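Open the model in your viewer and keep the selection panel at hand. Each stop below says what to select and what is there.

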Amino acid sequence: ELISRWLDTRTAEERALFLRRYWNGDAIQTLAQEAGVRPNAMTKRLLRLREQLRRYLEREGVAI
């Protein structure tokens, strides 16, 4: 439930990216190619999303 609430605060593009990578298991290379960016840039973008999720969960009282 908390992850769903956090996803609701993200843009449609961020939601799709997060779900494709961490729910569907799509490869970073595939996501990067479709977005027109290098794999390193996609890796950084995903890292930022994970960090935002971690901070959100900690604010909600979930120990990570």
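**Stop 1: one helical turn**

Select Phe 18 and Tyr 22: these residues are four apart in helix H2, so about one helical turn separates them. This is a predicted model. Keep H2, residues 12–22, in view.

Now colour by accessibility. Phe 18 is buried, at 9% relative accessibility. Tyr 22 is partly exposed, with a relative accessible area of 34%. The cut-off explains the two labels: buried means under 20% relative accessible area, so Phe 18 at 9% qualifies, while Tyr 22 at 34% falls in the partly exposed range.

**Stop 2: the aromatic rings**

Add Trp 6 to the selection. How many aromatic pairs does the structure hold? It holds two. Trp 6 and Phe 18 form an edge-to-face pair, with 5.2 Å centre to centre and 70° between the planes. Trp 6 lies in helix H1 (residues 2–8) and Phe 18 in H2, so this pair ties together parts that are 12 residues apart in sequence.

Is Trp 6 buried or exposed? Trp 6 is buried, with a relative accessible area of 2%.

Go back to Phe 18 and Tyr 22. Their rings form a tilted aromatic pair: 5.0 Å centre to centre, 55° between the planes. The label follows from the angle: planes over 60 degrees apart count as edge-to-face and those under 30 as stacked, so 55° is tilted. Trp 6, Phe 18 and Tyr 22 together form one aromatic cluster.

**Stop 3: zoom out**

Show the whole chain as a cartoon. The secondary structure comes to four helices and zero strands. Along the sequence the pattern reads α-α-α-α. The C-alpha atoms fill a box of roughly 35 × 20 × 20 Å along the principal axes.

Of the 64 residues, 23% are buried. Now take the contacts with a separation of 6 or more: residues 24 or more positions apart account for 49% of them.

**Stop 4: H2 against H3**

Select H2 and helix H3, residues 28–35. Their axes come within 10 Å and cross at roughly 155°. That makes H2 roughly antiparallel to H3. The crossing of H2 past H3 is right-handed.

Show the side chains in this contact. From H2, pick Leu 17, Arg 20 and Arg 21; from H3, pick Ile 28, Thr 30, Leu 31 and Glu 34. By class, this contact has three nonpolar, one polar and three charged residues.

**Stop 5: H2 against H4**

Keep H2 and bring in helix H4, residues 39–59. H2 and H4 pack at an angle of about 95°, with their axes 11 Å apart. H2 is therefore roughly perpendicular to H4.

On the H2 side, select Glu 13, Glu 14, Leu 17, Phe 18, Arg 21 and Tyr 22. They meet Met 42, Arg 45, Leu 46, Leu 49, Arg 50 and Leu 53 in H4. The residues of this contact divide into seven nonpolar, no polar and five charged.

**Stop 6: H3 against H4**

Hide H2 and leave H3 and H4 on screen. How are H3 and H4 oriented, parallel or perpendicular? Their axes come within 8 Å and cross at roughly 105°. H3 and H4 are therefore roughly perpendicular to each other.

Which residues make the contact? Ile 28, Gln 29, Leu 31, Ala 32 and Ala 35 do so from H3, and Pro 39, Met 42, Thr 43 and Leu 46 from H4. By class, the contact of H3 with H4 has seven nonpolar, two polar and no charged residues.

**Stop 7: Leu 17**

Bring H2 back and centre on Leu 17, which sits in this helix. Leu 17 is buried, at 8% relative accessibility. Leaving out residues up to four places away in sequence, Leu 17 touches Leu 31, Met 42, Arg 45, Leu 46 and Leu 49.

Check the backbone too. Leu 17 and Leu 31 are 14 residues apart along the chain, and 7.5 Å separates their C-alpha atoms.

**Stop 8: Asn 40**

End at Asn 40, in H4. Asn 40 is exposed, at 63% relative accessibility. Add Gly 25, 15 residues from Asn 40 along the chain. The C-alpha atoms of Asn 40 and Gly 25 are separated by 17 Å.

Terms used
Residues numbered from 1 in each chain as written. Predicted model: local features only at pLDDT ≥ 70, side-chain atom pairs only at ≥ 80, totals over all residues. Heavy atoms only, no water. Phe/Tyr/Trp six-rings, centres within 6.5 Å; stacked < 30°, edge-to-face > 60°. Helix = DSSP H or I, 4+ residues; strand = E, 2+ residues; numbered from the N terminus. Buried < 20%, exposed > 50% of the residue type's maximum accessible area, 1.4 Å probe, protein only. Axes fitted to C-alpha atoms, helices over the stretch in contact; angles between N-to-C directions. Parallel < 35°, antiparallel > 145°, perpendicular 65-115°, else oblique. Left-handed = near helix turned anticlockwise from the far one by under 90°. Contact = heavy atoms within 4.5 Å. Nonpolar A, V, L, I, M, F, W, Y, C, P; charged D, E, K, R; others polar.
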